[in-house]
Amino acid sequence: MDAAYLHNSVFNIEQKRREIEQQNKSFSRSEVKRWFEVNYRAFSKKNAFTCLCCNKPLIMNLTIEEGRPFYFRHNDESECSYSTNTRTYEKYVSKLENKPKKDSGLTIFREILQGELKPYNIEIERGYHFKKKLFFIPDFIINFPDSEKRWVIDYFTAINKDSRSGNYARHLAKRMKTYEAEGFKSFSFVDHSWISLIEETNIGTLLEAENYVTSKSHEDNLWDDFLKENVEGDLLDFFIKDTKATIREFNTRSIAYVDISNRLCTVLRFIPIVQNVRNITYYRLSSSEIPLAKALVMNDEKNHFVLSIENEDEKRTLFLKALIEKKQQSELGVFDKLDLSHFSIV
Ligand SMILES: [Zn+2]
């Protein structure tokens, strides 16, 4: 466990370690350890550190090996939901995530969320602080005041891990199902290094694991309605032929990618066009890139994050216009096209 109560405030030992290392750049690991021994060991001996979850006294553990965290454990070696959840979470992160990337990303997420949600009195806590044992621990849990409503946020850094065995995909599928069963509304963000899209053709590849962290929003439903109404008959046949699609139904979904170092969020809206054995080929309908701080603003109805600000009516119209033009061009044929371009120059 990385946090404990000390004098009625939360003391985070890892945060403190990072602070001390920042302030004393020349400190070796044993010097950092000694600093904690001198300043906090007496409190640990006096049972001044207590568990955030069960209130039992905690002992401060200072690991000497670089890269290993400092932590608290119950004095009597017992377990509570906080200690169990922490263990589950750490196991998951070391097995399926890129820890350094995740750590720095979550610091930025927390900073932005705290700023954005402050006016609403909403509390942001780490998933492992949840006062109930969970089998899948989200990165953050968002608690609304005077309500049982809970949102969870995950930042996925290593979506490709075990893609051949499908382990990660199965893990994510179970994770999402568990969240649903707990009544959590979940928001997933995938590291932008996983975007695979050919800009000119709008065609990209989505891993099975990625597919589990897509969502379907109001705007996606609007796209479905629009496509069903406007792309039919000959135009639908042309679209299918042009994109080499084997899926004829429109099922618009979206996925949120984050570029943590630039604090940007890209929401990619797509329709799956081919289901392959290990992945999905998709057609991109639209994408919007906005600052992460804007994406994590609560919408007016307070039931969703904004994620992508604009209304996409105009994008829909442009998509249809471009598709119709492409179809007409292909019907004119190569020679006619050459003649036309000659004509327009004159
Ligand atoms: Zn406890």
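Biologist: Which residue of β11 is the bridge partner of isoleucine 198?
Modeller: This is a predicted model. In it, β10 and β11 pair in the antiparallel sense over two bridges. In one of the pairs, isoleucine 198 faces its partner in β11, isoleucine 203.

Biologist: Is isoleucine 203 buried, partly exposed or exposed?
Modeller: Isoleucine 203 belongs to strand β11, residues 203–207. A buried residue needs 20 or more other C-beta atoms within 10 Å. Isoleucine 203 has 19 C-beta neighbours inside 10 Å, so the class is partly exposed.

Biologist: Which residues is isoleucine 203 in contact with, leaving aside neighbours within four places in sequence?
Modeller: Ile198 is its bridge partner across the β10 and β11 pair. With sequence neighbours within four places left aside, Ile198 also appears among the contacts. The full list is Ile198, Thr243, Thr281 and Tyr283.

Biologist: How far apart are the C-alpha atoms of isoleucine 203 and isoleucine 13?
Modeller: Along the chain, 190 residues lie from one to the other. For scale, the C-alpha atoms of the protein chain fill a box of roughly 90 × 45 × 40 Å along the principal axes. The separation of the two C-alpha atoms is 46 Å.

Biologist: Which strands stand at the edges of the nine-stranded sheet?
Modeller: The sheet is open and its pairing is mixed. Its order runs β6-β7-β8-β9-β12-β13-β14-β11-β10. Two strands have a single partner each, so one side of each is left without a neighbour in the sheet: β6 (123–126) and β10 (197–198).

Biologist: What is the order of the strands in the three-stranded sheet?
Modeller: Strand β1 (residues 3–6) pairs with strand β2 (residues 9–12) in the antiparallel sense over four bridges. β1 also pairs with strand β3 (residues 49–50), again antiparallel, over two bridges. β2 and β3 have a single partner strand each, so they stand at the edges. The order is β2-β1-β3.

Biologist: Which residue of β3 is the bridge partner of tyrosine 5?
Modeller: On the β2 side, tyrosine 5 stands opposite valine 10. On the β3 side, leucine 6 has phenylalanine 49 as its bridge partner. For tyrosine 5, the β3 partner is threonine 50.

Biologist: Which residue takes a positive phi in the hairpin of β1 and β2?
Modeller: The two strands of the hairpin are antiparallel. Two residues lie between them. The one with a phi near 55 degrees is histidine 7.

Biologist: Is aspartate 146 buried or exposed?
Modeller: Aspartate 146 sits in the loop between β7 (140–143) and β8 (150–156). Its phi is positive, about 55 degrees, although it is not a glycine. The exposed class takes 12 or fewer neighbours. Aspartate 146 has 6 C-beta neighbours inside 10 Å, so it counts as exposed.

Biologist: What is the phi of arginine 263?
Modeller: Arginine 263 lies in the loop between β12 (253–259) and β13. With 16 other C-beta atoms within 10 Å, it is partly exposed. It is not a glycine, yet its phi is positive, at about 50 degrees.

Biologist: Which strand gives the largest share of the largest nonpolar core?
Modeller: The core has 61 residues, and those with the most contacts inside it are Ala4, Ala256 and Val258. The largest share is six residues, from strand β13 (residues 264–275).

Biologist: Which domains each give this core at least three residues?
Modeller: The chain is divided into two domains, 1–78 and 197–334. Their C-alpha centres lie 47 Å apart. The core draws at least three residues from each of domain 1 and domain 2.

Biologist: What does alanine 256 touch, not counting residues up to four places away in sequence?
Modeller: Ala256 is among the residues with the most contacts inside the core. Beyond four places in sequence, it touches Ser188, Phe189, Cys265, Val267 and Leu307.

Biologist: What should the span of helix α3 be?
Modeller: Helix α3 covers residues 81–96, 16 residues at 1.5 Å a residue. The end C-alpha atoms are 22 Å apart, which agrees with the expected 22 Å.

Biologist: What do the buried residues of α3 pack against?
Modeller: Tyr82, Ser83, Asn85 and Thr86 are buried in α3. They cover an arc of only 160 degrees around the axis, which puts them on the same side of α3. The buried residues pack against β5 (71–74).

Technical notes. Residues numbered from 1 in each chain as written. Predicted model: local features only at pLDDT ≥ 70, side-chain atom pairs only at ≥ 80, totals over all residues. Expected span 1.5 Å × (residues − 1). Arc of directions from axis to C-beta. Contact = placed C-beta atoms within 7 Å. Core = buried A, V, L, I, M, F, W, Y, C linked by C-beta atoms within 7 Å. Domains from an automatic or database assignment. Pairing = 2+ DSSP bridges.
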